[in-house]
Amino acid sequence: MTLPSSLDELVAALRCLPGVGPKSAQRMAYHLLQHDRRGAERLAAALARALQTLHPCARCNNFTEAEICERCLSPQRDATQLCVVEMPADVNVVEQTQAYRGLYYVLMGRLSPLDGIGPRELAFDRLLARASDGVVKEVILATNLTQEGEVTAHYLAEMLHARGIKVSRLARGLPLGSEIEYADAASVAQALLDRRDY
């Protein structure tokens with residue numbers, strides 16, 4: 001049996017979410033239509049609003065509604081430290097540790113030549129400009145401890161060292177192959193405290 005085109009389109013749209021296959025997307029679509037139409041309307045409105053109002057911060061590249069996010073403008077943050085992470089969710093995890101009070105730069109990905117993601121796609125030039133602003137004294141590379149994350153960290157370290165910028169890397173307190181987003185706060189805190197020069 002073929003689905004009505006609008007239902008088929010909804011299922012296909014839900015499949016863009018990470019970890020959502022065809023059956024899960026279909027279950028979500030039916031749930032929203034059968035049991036939570038108000039929730040579906042709220043979800044659609046929130047998504048439409050987020051798409052209209054959120055954009056990258058001019059300084060850290062994280063999502064914000066303003067030109068520069070509140071964290072970047074905060075006088076309580078240590079502007080001499082810049083923690084480089086892959087994704088916005090990684091910022092949230094590092095913040096939960098309460099072990100870091102510096103600023104961030106979000107790459108919005110990692111180097112992955114097989115997927116066509118290189119330095120240009122990740123706007124490494126913006127990061128280099130940010131790290132070379134004369135205020136930053138240390139760049140902490142907090143990319144994931146996956147192969148792509150390690151390659152990204154190595155590439156960035158070479159570029160930053162060439163500019164005379166101190167570079168450190170999260171310690172191996174996090175399991176190899178793990179992603180920061182899924183690590184517990186204590187492990188991330190220990191990795192930050194035990195970071196090493198890179």
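Let's start with Y155: at 36% relative accessibility, this tyrosine counts as partly exposed. Please keep in mind that we are looking at a predicted model, so every value I quote is computed from it.

What does Y155 pair with? The partner is F124, and the two rings form a tilted aromatic pair, 5.7 Å centre to centre with 45° between the planes. F124 sits in helix α6 while Y155 belongs to helix α7, so their pairing ties together parts that are 31 residues apart in sequence. And the partner's accessibility? F124 has 2% relative accessibility and therefore counts as buried.

How many aromatic pairs does the structure hold? Two. The other one I'd like to show you joins Y100 and Y104: with ring centres 5.3 Å apart and planes at 70°, this pair is edge-to-face, because the angle is over 60 degrees. Y100 is buried, at 3% relative accessibility, and Y104 is buried as well, with a relative accessible area of 3%.

Now, on to the nonpolar cores. The largest one has 20 residues, and the members touching the most others are L82, V84, V139, L141, L156 and L160. Which elements supply at least two residues each to this core? Those are the strands β3 (78-85), β4 (102-106) and β5 (138-141), together with the helices α6 (124-131) and α7 (147-162). So α6 and α7, which we met through the F124 and Y155 pair, come up again here as suppliers of the core.

If you want one residue to click on, try L82. Setting aside neighbours within four places in sequence, L82 is in contact with a long list of residues, including Y100, Y104, L127, V136, V139 and I140. Notice that both tyrosines of the edge-to-face pair are among those contacts of L82.

There is also a second, separate core, this one of 18 residues; V85, Y104, V106 and L192 are among its members.

Last topic, the cysteines. How many disulfides does a search of the whole structure find? Zero. C72 is a nice case to look at: the closest cysteine sulfur, in C69, is 3.6 Å from the sulfur of C72, which is too far for a bond, because the cut-off is 2.5 Å. Is C72 buried or exposed? C72 counts as buried, at 7% relative accessibility, whereas C16 counts as exposed, at 66%.

That's my tour, thanks for listening, and I'm happy to take questions!

Conventions
Residues are numbered from 1 along each chain as its sequence is written. This is a predicted model: local features need pLDDT of at least 70, side-chain atom pairs count only at pLDDT 80 or more; totals for chains, interfaces and linings use all residues. Side-chain values use heavy atoms; hydrogens and water are left out. Buried means under 20% relative accessible area, exposed over 50%, partly exposed in between (1.4 Å probe, protein chains only). A nonpolar core is a set of buried Ala, Val, Leu, Ile, Met, Phe, Trp, Tyr and Cys residues joined through side-chain atoms within 4.5 Å. Helices (H or I, at least four residues) and strands (E, at least two) are DSSP runs, numbered from the N terminus. Contact means heavy atoms within 4.5 Å. Rings of Phe, Tyr and Trp (its six-membered ring) pair if their centres lie within 6.5 Å; planes under 30 degrees apart count as stacked, over 60 as edge-to-face and the rest as tilted.
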